Amino acid sequence: EDYLQGVTHIIRGKDLMDSTRKQTLLYEHFDWEYPETLYWGRVKIHEFGSFSTSGMRKDIEKGVFNGWDDPRLPTLRALQRRGFDADAMKDFWIDLGLTQKDISVPLSSLYSHNTKIIDDDAPRISFIRDPILLALSGNQQSIVEIPTHPNFPAMGSRKIQLNSQQVLIESTDYGEAKLRLKEFADFDIYEQSAEFVSQERSDTRKIIHWASVDSSSKATLQTVNNGQISKIEGVLEHHKLSKGDIVQIERIGYGVIGENNTIIFTHD
C-alpha cells in the first residue's frame, strides 16, 4: 500500500525498527526502492506519568475519566479544553526535535510556549479564593475602571460597580494594615473596614487583586493536581466572556472560561 501510494518517507517510533527490516526484504523482492525512514524515541511528560491510548479508552468506558477531553488526560482534546493553543503545542514538539533518544520533559516547557501565544490576547479577571468582606470608607467612587489588559489600551477597560462600597479580598491578604487595591486606590485596614488613603500610590504597600460585591458572583476554579481534579470555591468578577475564552486570572495564572461560572485552570 505504501508503494502504491508513492510514500517516500516513513516516520515511526524506534520500537518498529524490526518492521523496517521485514518490509525492506519485501521491497527488495519486488525490486522497489524502500522509503527513507526516520525514527523517534519515547517522549515522557513528567506530570502525566504513563498513559496509553488503550488504557485511557478502558478507563473512560469504566467511568474513571469523563471522556477524551477530561483535563486529567494528555490528549489534544483535553489540552485544548484546558486552554492550550494549537500553535503552542506545535512549537513545543518542533523545539524538542526528532531524535531516537528517549527523553523526559516537564510541562513547564509547554507552559512557556503557550504563554508566549496567549498572553497578548488574554483579558485580565479577578477570582477571589476564600473571600473576606471589607467595607470601604472615605471613597467617593461608585465605578472603578480597570484596564482589560495592562499592555494593550485598545482592549478597553472593565467597569467595576461599587454602589454598596463593599469589596472582597483573599483571606491570605487579610491581616495587612496597609493595602493597595490594584488599579484602584490605597487603603488602611481596620478589622472589617478599609479607609481610603489615596487614589495614587502613596507608598510601597502590598498590591492585591480584589472584587466588588456588586460586580461578582460565586464561582469555581477547577484545577488538576497529582492526577486529581480539585475545585476551589470563590467569587469571580462579572465578565462579558464566552465559554472557551482564555483569560489571565489576576495573581493566579491562565485559565479558560467553562460552564456555570467555572474557570478551568491552564497554568501559572
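In strand β14, the residue Lys206 is the bridge partner of Leu179, strands being DSSP runs of E with at least two residues and helices runs of H or I with at least four, both numbered from the N terminus. The parallel pairing of β14 with strand β11 (residues 178–181) extends over three bridges, where two strands count as paired if DSSP finds at least two bridges between them. The model is a predicted one, in which local features need pLDDT of at least 70 and side-chain atom pairs count only at pLDDT 80 or more, while totals for chains, interfaces and linings use all residues. Residues are numbered from 1 along each chain as its sequence is written, and side-chain values use heavy atoms, with hydrogens and water left out.

Both strands belong to an open sheet of seven strands with mixed pairing, in the order β14-β11-β12-β13-β7-β10-β15. Its edges are formed by β14 (206–208) and β15 (211–212), each of which pairs on one side only.

Elsewhere, Leu38 lies in strand β2 (residues 36–40) and is partly exposed, with a relative accessible area of 31% (partly exposed lies between buried, under 20%, and exposed, over 50%, with a 1.4 Å probe and protein chains only).

The largest pocket (an open set of points on a 1 Å grid over the protein atoms alone, where a 1.4 Å probe fits, with protein on both sides within 12 Å along at least five of seven lines; lining residues have an atom within 4 Å of a point) is lined by 32 residues, of which Arg42, Val43, Lys44, Ile45 and Trp93 lie nearest its centre. Among the elements giving two or more residues to this lining are β3 (43–45) and α6 (107–118), whereas α5 gives the most, with four residues.
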